[in-house]
Amino acid sequence: MALPALATLDDAVAYGYSLPADSATTLLTRASVRIRRAAGQPITPSTVTVQLPVESTCLELPAPPVIEVTAVDAVASDGTTSALTGWWWDGEQLHLPDDCATTRVQVTYQRGWDPLPDGLVELTCQVASRLANTPVGMDVGIRERAIDDYRETYAAESIQAAGDLLPGELTALQRELGARCIWVVGMR
């Protein structure tokens, strides 16, 4: 299932970007894919269930931001679960009751951004606009082209960035997602 674009044509117009009407949706979807890939964390809200070891009465949940914790269950040694009461979420950590005797909990929560930060919507529009204005051929690695005595040469950095975010766009993304977020730089 494809995730929705992080911005709409109306958003692009509101931020002053001019996208071709016939390809605006595709450009915004492509920009959204690049932003999600660079973020390395969920952006669109989703519900997840994780099991975590209990080492103290305060737990950090993986893949912030957390919108809402909906259930916490104690996990028995045989894998069965039972509802845990007395827990609370303070916006940063999940607090378990002081008398919690389990060594593992199962937590169901909603993560992502709801609503999306304005800066993230604007960044999506900016990337879509850049993609719309990328010269034909540059996005597939053409370094230089010439017709008679006219010649265009693209910097290697521009060619590399045609398929990803530019350094300034990465900085803007990091600023929007915040310092607390986990940045994935590679996967095995």
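**Helix 3 and its surroundings in the predicted model**

Leu-120 has a relative accessibility of 0% and therefore counts as buried, the cut-off for that class being under 20%. The model in which this residue is described is a predicted one, and Leu-120 lies within helix 3, which covers residues 118–132. When neighbours within four places in sequence are set aside, the residues in contact with Leu-120 are Ile-35, Ile-43, Leu-173 and Glu-176. Of these, Glu-176 is 56 residues away from Leu-120 along the chain, yet the C-alpha atoms of the two residues are separated by 6.4 Å.

The burial of Leu-120 is shared by other positions of helix 3, whose buried residues are Leu-120, Val-121, Leu-123, Thr-124, Cys-125, Val-127, Ala-128, Ser-129, Arg-130 and Leu-131. The geometry of helix 3 was also examined along its length: with 15 residues and a rise of 1.5 Å a residue, a span of 21 Å is expected, and the C-alpha atoms at its ends are 21 Å apart, so the two values agree.

Helix 3 is crossed by helix 2 (residues 24–39), the two axes coming within 8 Å of each other at an angle of roughly 115°, and the crossing is right-handed. On the side of helix 2, the contact is made by Leu-27, Leu-28, Arg-30, Ala-31, Ser-32, Arg-34 and Ile-35, while helix 3 contributes Leu-120, Leu-123, Thr-124, Cys-125, Val-127, Ala-128, Leu-131 and Ala-132. Leu-120 and Ile-35, already named as contact partners, thus reappear among the residues through which the two helices meet.

Before helix 3 in the sequence comes a loop that links it to strand 7 (104–111), and Pro-115 is placed in this loop. The peptide bond that leads from Asp-114 to Pro-115 is cis, with omega near 0°, whereas most peptide bonds are trans.

Strand 7 itself has 6 of its 8 residues buried, and it is therefore largely enclosed by the rest of the structure. Strand 7 pairs with strand 1 (residues 46–53) in the antiparallel sense over 8 bridges, and within this pairing Pro-53 has Arg-104 of strand 7 as its bridge partner. Strand 7 also runs antiparallel to strand 3 (residues 66–75), to which it is joined by 7 bridges, with Arg-111 of strand 7 serving as the bridge partner of Val-66.

A further arrangement of strands is an open sheet of 3 strands, in the order 2-6-5 and with antiparallel pairing. Strand 2 (58–59) and strand 5 (88–89) occupy its edges and have a single partner strand each, so that one side of each remains without a neighbour in the sheet. The antiparallel pairing between strand 2 and strand 6 (residues 94–95) extends over 2 bridges, and Leu-59 stands opposite Leu-94 of strand 6.

These elements belong to a protein chain with 5 helices and 9 strands, which follow one another along the sequence in the pattern α-α-β-β-β-β-β-β-β-α-β-β-α-α. Of the 188 residues in the chain, 38% are buried, and the chain exposes about 11,100 Å², of which carbon and sulfur atoms supply 53%. Among contacts in the chain with a separation of 6 or more, 71% are accounted for by residues 24 or more positions apart.

Definitions and conventions
Residues are numbered from 1 along each chain as its sequence is written. This is a predicted model: local features need pLDDT of at least 70, side-chain atom pairs count only at pLDDT 80 or more; totals for chains, interfaces and linings use all residues. Side-chain values use heavy atoms; hydrogens and water are left out. Helices (H or I, at least four residues) and strands (E, at least two) are DSSP runs, numbered from the N terminus. Buried means under 20% relative accessible area, exposed over 50%, partly exposed in between (1.4 Å probe, protein chains only). Contact means heavy atoms within 4.5 Å. Accessible areas come from the Shrake-Rupley method with a 1.4 Å probe; for residues, only the protein chains shown count as cover. Two strands pair if DSSP finds at least two bridges between them. The expected span of a helix is 1.5 Å times one less than its number of residues. Axes are lines fitted to C-alpha atoms, for helices over the stretch in contact, and angles run from 0 to 180 degrees between N-to-C directions. A crossing is left-handed if the near helix is turned anticlockwise from the far one by less than a right angle, and right-handed if clockwise.
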